[in-house]
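Let's go looking for enclosed empty spaces inside a protein. Keep the structure open as you read, and find each residue as it comes up.

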Amino acid sequence: MRLHLLALNPTDSVTDGFLPAAARLGLDVTILTDDAGAHQRAYAEREFRPRLVECDVRDFRSVISTVSQLGAPDAVFSNSDHLQTQTALAAEYFGLPAKDWRAALRAKDKGQLRRHLALAGLDAVRSAELPPGADPADLDVPFPCVLKPREGVASEDVSLVGDAAELARRCAEIRARRPEAVLVVEEFLVGELHTLETLGDGRTRHVLGGFRTRLSPPPDFIEEVLTFVPAHPADVTGQVLAQLDALGVGLGACHTEFVVQPDGRARIIEVNYRAIGDQCDLMLARILGIPFFELVLRAHLGERLPADLGARTDRRARNEAVLADRAGTLTAAPGPYDAESDGVTLSYRPVRRVGEHHALHRTNRDYLGVVWAVGPDQQRVDAAVAGFVAANRWEITP
């Protein structure tokens, strides 16, 4: 069977998750990408050898044309935030299992997500869009509010702003880097941040649990630590699932971020219609003891998911990012590491290579590496992660 996978830059989710899973399933994989060289380097020492084809993957017309020339596949798939709508349209064009392209668009477009949920009567968040050149002073928004790109990722250019002057200043900073970006300004949703991880085949949906997320101090929203939650309270999960139903989410993996307010109300922050990243998907497969990546691919091949995935609920986990605190060159850092002790498995993966120079972004792009542990109780996995961080050093030279 043939799988066409759309991608931009290489990611751990694809390199360490979906491509090995495709190999185990015996799939013939072709990667459509706008950067074939980066993928060739990423897979140079891997056993799998996907075919690489250059394509303007951001344009669904180019994707359809390229796939037509390659021959009909059995599935068209992507785990990229930026490519879900294009992938859905291409899969639908070829009569393959496909996400509803409208649902993919609603999830990606943060302004459209807010409008759709409000029209569905499920949640009304005060929100406004700011096109290029528009004056933020003309907006009627409550303070504090959150400013973010309409189609942003990785907490990039997301900021809590306290007044009109700060809003104007932050808008100017973002526009200097992204002059064509449409910005969204919305009310700040107070509450503890959580995620819900789901997997569906378009008919059956499984809730895989979620994570409790610790963020950096305001005004930024950097995800610093995620701890596994086997099950959120039933009423909270029900509220989130009702909103996903209204959006049309159904096929494949979905990673939803939401806050729970003091009155128990669950309010969605954003919907990422793909598997959770930053090593959490690899950790999730270990936590649950299921072939997570194979199941996602099987769903996109049109297979029904089992009624019972056989997922474990007796494990706990912690995923912690090691963050840069200044701009400069990374001059010392540990390499990849895996260990098992006292019933706890621990993994560390670098995000930034020694010798690389980076600015300080104040986003998830400041990750130097990610360390995660899975074990029988939270105390032991927390101790394992803390021990690894304390035993290693990361040095940045200005």
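## What the search turns up

This is a predicted model. Searching the whole structure brings up two cavities of 30 Å³ or more. Let's take them one at a time.

## The largest cavity

The largest cavity has a volume of about 90 Å³. Which residues line the largest cavity? Here's the full set: Asp 81, Gln 84, Ala 104, Ala 107, Lys 108, Lys 110, Gly 152, Val 153, Glu 270, Val 271, Asn 272 and Tyr 273. Two elements give two or more residues to this lining, namely helix 5 (101-108) and strand 13 (266-272).

What about the chemistry? Sorted by class, the lining of the largest cavity has five nonpolar, three polar and four charged residues.

## The second largest cavity

Next up is the second largest cavity, with a volume of about 50 Å³. Its lining is made up of Val 76, Phe 77, Ser 78, Gln 84, Thr 87, Ala 88, Ala 91, Pro 97, Ala 98, Lys 99, Leu 251 and His 300. Here, strand 4 (75-78) and helix 4 (84-93) are the elements that give two or more residues.

Which element gives the largest share of the lining of the second largest cavity? That's helix 4, with four residues. By class, this lining has seven nonpolar, four polar and one charged residues.

## A residue to look for

Try finding Gln 84 in the structure: it's in the lining of the largest cavity, and it turns up in the lining of the second largest cavity too.

Methods:
Residues are numbered from 1 along each chain as its sequence is written. This is a predicted model: local features need pLDDT of at least 70, side-chain atom pairs count only at pLDDT 80 or more; totals for chains, interfaces and linings use all residues. Side-chain values use heavy atoms; hydrogens and water are left out. On a 1 Å grid over the protein atoms alone, a cavity is a set of points where a 1.4 Å probe fits but cannot get out, and a pocket is an open set with protein on both sides within 12 Å along at least five of seven lines; lining residues have an atom within 4 Å of a point. Grid points are joined across faces, edges and corners, and a volume is the space filled by probe spheres set on the points. Ala, Val, Leu, Ile, Met, Phe, Trp, Tyr, Cys and Pro count as nonpolar, Asp, Glu, Lys and Arg as charged, and the others, Gly among them, as polar.
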